[in-house]
Amino acid sequence: CTGNGICKCRVCECFPNFTGSACDCSLDTTPCMASNGQICNGRGTCECGTCNCTDPKFQGPTCEMCQTCLGVCAEHKDCVQCRAFNKGEKKETCSQECVHFNMTQVESRDKLPQPGQPDPLSHCKEKDVDDCWFYFTYSVNSNGEANVHVVE
């Protein structure tokens with residue numbers, strides 16, 4: 001009974017939180033918990049303590065890895081561009097579409113937040129509508145607030 005139950009008359013009687021003919025299936029969903037607090041990132045089912053991803057784009061132990069999804073940088077590029085420099089594809093709709101993050105402007109790239117802080121941080125280098133590079137960081141704090149730091 002894989003140590004998770006007692007064998008009685010050649011049949012396993014499983015301890016609480018275990019099931020299966022050999023008590024080898026854990027009912028604990030903790031290993032399936034994604035960083036957003038959802039079971040299998042809302043894109044799969046937790047079976048025996050392991051995620052079975054039902055959305056084919058998502059993989060990994062908690063269905064959070066997506067090779068074909070837009071990265072954080074590309075996803076927020078247009079909003080950072082319009083908020084910081086008042087240009088780009090979302091210039092006209094900036095005040096409606098791009099208020100989902102707090103923005104701080106910094107003087108230079110070495111003034112951007114550096115890895116090692118508690119919040120997950122993405123360093124971004126994107127091209128603007130004038131084919132110039134601009135640099136920003138994107139992070140989400142424990143309260144779920146998005147923070148962007150952009151080089152002036």
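The lining of the second largest pocket in this predicted model has no nonpolar residues at all, just three polar ones and one charged one. The residues in question are Ser35, Asn36, Asn41 and Glu64, and the space they line comes to about 150 Å³. Pockets like this turn up when a probe the size of a water molecule is rolled over the atoms to show where empty space is left.

Stepping back to the whole chain, the domain assignment splits the protein into domain 1, covering 5-66, and domain 2, covering 70-151. Their C-alpha centres sit 37 Å apart.

Next come some backbone details from the N-terminal stretch. Most residues other than glycine have a negative phi. Arg10 goes against that, with a positive phi of about 65° despite not being a glycine. Arg10 belongs to the loop between β1 (5-8) and β2 (11-14), and with a relative accessible area of 82% it is exposed. Asn17 is another non-glycine residue with a positive phi, this one near 75°. Asn17 falls in the loop between β2 and β3 (18-19); its relative accessible area of 47% makes it partly exposed.

Further along, strand β5 (residues 44-47) pairs with strand β6 (residues 50-53) in the antiparallel sense, using four bridges. Glu47 faces Thr50 of β6 across this pairing. The two strands make a hairpin with two residues between them, and Cys48 in the turn has a positive phi of about 55°.

Within β5 itself sits Cys46, partly exposed at a relative accessible area of 23%. Why does Cys46 count as partly exposed? Buried requires a value under 20% and exposed one over 50%, so 23% puts Cys46 in the partly exposed class. Setting aside residues up to four places away in sequence, Cys46 touches Asp28, Thr29, Cys32, Ile39 and Cys40. Its C-alpha atom is separated by 8.7 Å from that of Pro31, a residue 15 places away along the chain.

One of those contacts, Ile39, lies in the loop between β4 (25-26) and β5. Ile39 counts as partly exposed too, at 31% relative accessibility. Leaving out residues up to four places away, Ile39 touches Thr29, Cys32, Met33, Gly44 and Cys46. Thr29 and Cys32 thus appear in the contact lists of both Ile39 and Cys46. The C-alpha atoms of Ile39 and Cys51 are 12 residues apart along the chain and separated by 8.2 Å.

In domain 2, helix α1 (residues 72-85) holds Gln81. Is Gln81 buried or exposed? At 1% relative accessibility, Gln81 counts as buried. Not counting neighbours within four places in sequence, the contacts of Gln81 are Asn86, Lys87, Gly88, Asp128, Val129 and Phe134.

Phe134 leads on to strand β11 (residues 133-140), which has six of its eight residues buried and so is largely enclosed by the rest of the structure. On one edge, β11 pairs with strand β10 (residues 121-127) in the antiparallel sense over seven bridges, and Cys124 has Phe136 as its bridge partner in β11. The hairpin of β10 and β11 has five residues between the strands, among them Asp131 with a positive phi near 65°.

The other partner of β11 is strand β12 (residues 146-151), again antiparallel, this time over five bridges. Phe136 is bridged to Val150 in β12, while Thr137 is bridged to His149. Phe136 therefore links up in both directions, being the partner of Cys124 as well as of Val150.Strand β12 is also largely enclosed by the rest of the structure, since five of its six residues are buried. Besides its antiparallel pairing with β11, β12 pairs in the parallel sense with strand β9 (residues 101-106) over six bridges. In that pairing, Met103 stands opposite Val148 of β12. As a general point for reading these strands, side chains in a regular strand alternate between the two faces of the sheet.

Conventions. Residues are numbered from 1 along each chain as its sequence is written. This is a predicted model: local features need pLDDT of at least 70, side-chain atom pairs count only at pLDDT 80 or more; totals for chains, interfaces and linings use all residues. Side-chain values use heavy atoms; hydrogens and water are left out. On a 1 Å grid over the protein atoms alone, a cavity is a set of points where a 1.4 Å probe fits but cannot get out, and a pocket is an open set with protein on both sides within 12 Å along at least five of seven lines; lining residues have an atom within 4 Å of a point. Grid points are joined across faces, edges and corners, and a volume is the space filled by probe spheres set on the points. Ala, Val, Leu, Ile, Met, Phe, Trp, Tyr, Cys and Pro count as nonpolar, Asp, Glu, Lys and Arg as charged, and the others, Gly among them, as polar. Domain bounds come from an automatic or database domain assignment. Buried means under 20% relative accessible area, exposed over 50%, partly exposed in between (1.4 Å probe, protein chains only). Contact means heavy atoms within 4.5 Å. Two strands pair if DSSP finds at least two bridges between them.
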